[in-house]
Amino acid sequence: MTSVLYDVPGPKARRVSLIGSVAGTVLIVGLLAWIVMTLAQQGIFEGRRWAIFTRGDVWMLLGNGLGATLSAAAIAAVIAFPLGLMLCLLRISLIAWIRVPTRVVLEFLRGMPVVLMMLFVLLVFGTSPFIAVIAGLVLYNSAIFAEIIRAGIQSLPKGQREAGLTIGLTSFQSRMLVELPQAVRRMMPSLVAQLVVLLKDTSLGYIVAYGELLRAVQVMADFLGNAYLFPIFFVAAAIYIAINICVSRIAVWIERRGSNKAAGGVAKAPTAVVAPELPEVREPK
Amino acid sequence: MDVIIENLPLYWEGLLRTLFLSVVSGIIALIVGTLLAAARVSPVAALRGFSTVYVEVLRNTPLTIAFFFAAIVLPRLGVTFQQFEVAAIIALSAYTAAFIAEAVRSGVNSVPLGQAEAARSIGMAFGQVLSLIILPQALRTVIPPLINILIALVKNSSVAGAFFVLELFGYGRQLANAHGDQVMTVLLGVAFFYLLLTVPLGILASTVERKVAIAR
């Protein structure tokens with residue numbers, strides 16, 4: 001791999017870099033080994049501690065936790081996206097008394113910790129933790145979605161809206177039919193990346209006693225004893241991270257596909273259709 | 001309203017604690033994040049690999065998991081902290097560093113190629129190219145995203161309140177439990193103090209963004 005930041009390594013630089021690599025690897029492996037040793041001294045790797053994963057009910061509890069996490073994230077995302085679209089439309093409204101209050105509300109929502117909103121809904125409205133988690137996630141993420149889509153609309157060439165208005169669409173029609181579809185497509189990578197944030201934030205449900213994955217870990221550790229905390233936590237964290245990495249990968253994939261498409265679209269677009277196949281015209285008899 | 005005025009010292013204390021957590025974690029995260037970004041573009045493969053894995057994993061870890069690890073799992077493994085603040089700072093800075101590393105790396109990518117080539121052609125080594133030419137320019141362009149990460153850090157520090165650290169959110173929760181009839185006022189007070197920190201930072205970010213935009 002070459003980089004613009006350094007010369008293509010010669011024999012000496014390659015040697016130095018190899019030594020550096022080996023030293024770095026040794027350092028990292030050493031650190032890991034130290035951690036593993038420390039853990040082993042605590043008896044973390046004893047078979048009986050991991051044997052709990054042969055029990056079905058452990059997996060069932062983990063599965064329930066995961067289900068709670070995913071369902072909260074899915075419901076919140078499904079509600080937050082249309083709400084975000086609506087907030088975005090209000091935020092860029094031409095009428096000042098709609099635009100300005102919306103802006104204040106959005107700034108307020110964006111400046112708030114999500115967990116505070118969850119607690120607020122939980123305590124003030126006395127809802128179940130499930131509703132509180134979803135409400136917190138929806139409030140926060142719809143504000144973020146609105147800002148992302150607004151950035152998308154602002155990044156469109158001005159001619160799009162002008163063309164829309166010119167052909168006689170109303171301002172609202174132009175937004176809905178011309179600008180929003182392009183803005184959403186353009187901001188797809190950011191929107192999917194925000195989904196990862198949403199998914200991560202469901203773990204805040206732990207704080208408001210929602211029975212999601214992390215809470216399931218806590219409950220099992222309290223029930224089975226401290227000895228099992230680390231194995232269960234390790235597996236739960238791995239599940240969380242694996243899911244998030246998958247969704248992040250999807251975001252990267254969409255971004256790459258989108259840019260390929262855009263590049264290919266311009267390069268391969270036919271400049272003129274020379275001989276369009278005309279439908280056979282029948283002579284009127 | 002009376003609840004807020006009566007407990008103003010408590011709110012103030014919480015605000016300072018939140019500020020303290022954010023500033024300390026922010027500084028650590030900035031340093032570690034920049035080092036990670038440097039490792040990510042370095043000629044040494046092991047450093048690149050380590051940095052990539054660290055950033056990928058931490059960015060996809062929920063913050064609550066990081067806190068749970070630092071505050072609950074570590075102590076039961078024998079790593080005990082005198083104060084839970086230390087655990088909170090470890091979790092916050094480890095988490096934030098990954099995001100800062102990504103931002104700085106995108107800044108490095110945004111510096112025109114000619115800069116690095118010019119630096120190399122006058123005989124600079126990688127360390128010099130990065131520290132004297134690339135990073136000063138890269139950091140300037142990523143100041144707005146970095147401020148946004150720091151805003152997120154201030155908000156994220158609220159998670160510490162759930163893990164035995166008394167900061168703004170922690171005190172808020174305590175007050176809400178103590179004044180069951182005025183929960184709404186208490187929590188709106190907490191919200192107000194958070195806005196006191198995040199809104200000025202947000203304004204700063206957009207001001208800097210506009211200045212950078214003009215400079216270009």
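These questions and replies go through a predicted model of two chains, A and B.

Me: What makes up chain A, helices or strands?
Reply: Chain A has 11 helices and 0 strands. From the N terminus on, the order reads α-α-α-α-α-α-α-α-α-α-α. Buried residues account for 31% of its 285 residues.

Me: How many of the contacts in chain A with a separation of 6 or more join residues 24 or more positions apart?
Reply: Such pairs account for 72% of those contacts.

Me: What confidence does the predictor give to chain B?
Reply: The average pLDDT of chain B is 87, and 98% of the residues score at least 70. The scale runs from 0 to 100. Among the elements of chain B, helix 2 (residues 8–40) has the highest mean, 92. Helix 1 (residues 2–6) of chain B has the lowest, 80. For the complex, the predictor gives an ipTM of 0.85 and a pTM of 0.83.

Me: How many residues does each chain bring to the contact between them?
Reply: Chain A brings 42 residues and chain B brings 44. On the chain A side, the elements giving two or more residues are helix 1 (11–41), helix 4 (96–110), helix 5 (114–124), helix 9 (188–201) and helix 11 (229–268). Helix 11 of chain A gives the largest share, 9 residues. By class, the side of chain A that touches chain B has 27 nonpolar, 12 polar and 3 charged residues.

Me: Why is helix 7 of chain A called roughly antiparallel to helix 8 of chain A?
Reply: Look at the angle. The axes of helix 7 (residues 158–166) and helix 8 (residues 171–186) of chain A cross at roughly 155° and come within 9 Å. Angles over 145 degrees count as roughly antiparallel. Therefore helix 7 of chain A is roughly antiparallel to helix 8 of chain A. The crossing is right-handed.

Me: Which residues meet where helix 7 of chain A touches helix 8 of chain A?
Reply: Helix 7 of chain A supplies Gln160(A), Arg161(A), Gly164(A) and Leu165(A). Helix 8 of chain A supplies Ser174(A), Val178(A), Glu179(A) and Gln182(A). The residues of this contact divide into 2 nonpolar, 4 polar and 2 charged.

Me: What makes helix 2 of chain B oblique to helix 8 of chain B?
Reply: Again, the angle. The two axes come within 9 Å and cross at roughly 135°. Roughly antiparallel needs an angle over 145 degrees, and roughly perpendicular runs from 65 to 115. The angle fits neither class, so helix 2 of chain B is oblique to helix 8 of chain B. Helix 2 of chain B passes helix 8 of chain B in a right-handed crossing. Thr18(B), Ser22(B), Ser25(B) and Gly26(B) of helix 2 touch Leu150(B), Leu153(B) and Val154(B) of helix 8. That contact has 3 nonpolar, 4 polar and no charged residues.

Me: How do you know that helix 9 of chain B is largely enclosed by the rest of the structure?
Reply: Count its buried residues. A residue needs 20 or more other C-beta atoms within 10 Å to be buried. In helix 9 of chain B, 8 of the 11 residues are buried, so the helix is largely enclosed. They are Leu168(B), Phe169(B), Gly170(B), Tyr171(B), Gly172(B), Arg173(B), Leu175(B) and Ala176(B).

Me: Why does Phe164(B) count as partly exposed?
Reply: Phe164(B) has 16 C-beta neighbours inside 10 Å. Buried starts at 20, and exposed means 12 or fewer. The count falls in between, so Phe164(B) is partly exposed. Phe164(B) sits in the loop between helix 8 (143–156) and helix 9 (168–178) of chain B.

Me: What is notable about the phi of Phe164(B)?
Reply: Phi of Phe164(B) is near 70°, a positive value in a residue other than glycine. Most residues other than glycine have a negative phi. Ala209(A) also has a positive phi, near 60°.

Me: Why is Ala209(A) called partly exposed?
Reply: The count for Ala209(A) is 14 C-beta neighbours inside 10 Å. That is between the cut-offs of 12 and 20, so Ala209(A) is partly exposed. Ala209(A) lies in the loop between helix 9 and helix 10 (213–224) of chain A.

Me: What makes Ile95(A) exposed?
Reply: Ile95(A) has 8 C-beta neighbours inside 10 Å. Exposed means 12 or fewer, so Ile95(A) qualifies. Ile95(A) is in the loop between helix 3 (56–91) and helix 4 of chain A. The C-alpha atoms of Ile95(A) and Leu83(A), 12 residues apart along the chain, are separated by 19 Å.

How values were computed
Residues numbered from 1 in each chain as written. Chains lettered and ligands numbered in written order. Predicted model: local features only at pLDDT ≥ 70, side-chain atom pairs only at ≥ 80, totals over all residues. Helix = DSSP H or I, 4+ residues; strand = E, 2+ residues; numbered from the N terminus. Contact = placed C-beta atoms within 7 Å. Nonpolar A, V, L, I, M, F, W, Y, C, P; charged D, E, K, R; others polar. Axes fitted to C-alpha atoms, helices over the stretch in contact; angles between N-to-C directions. Parallel < 35°, antiparallel > 145°, perpendicular 65-115°, else oblique. Left-handed = near helix turned anticlockwise from the far one by under 90°.
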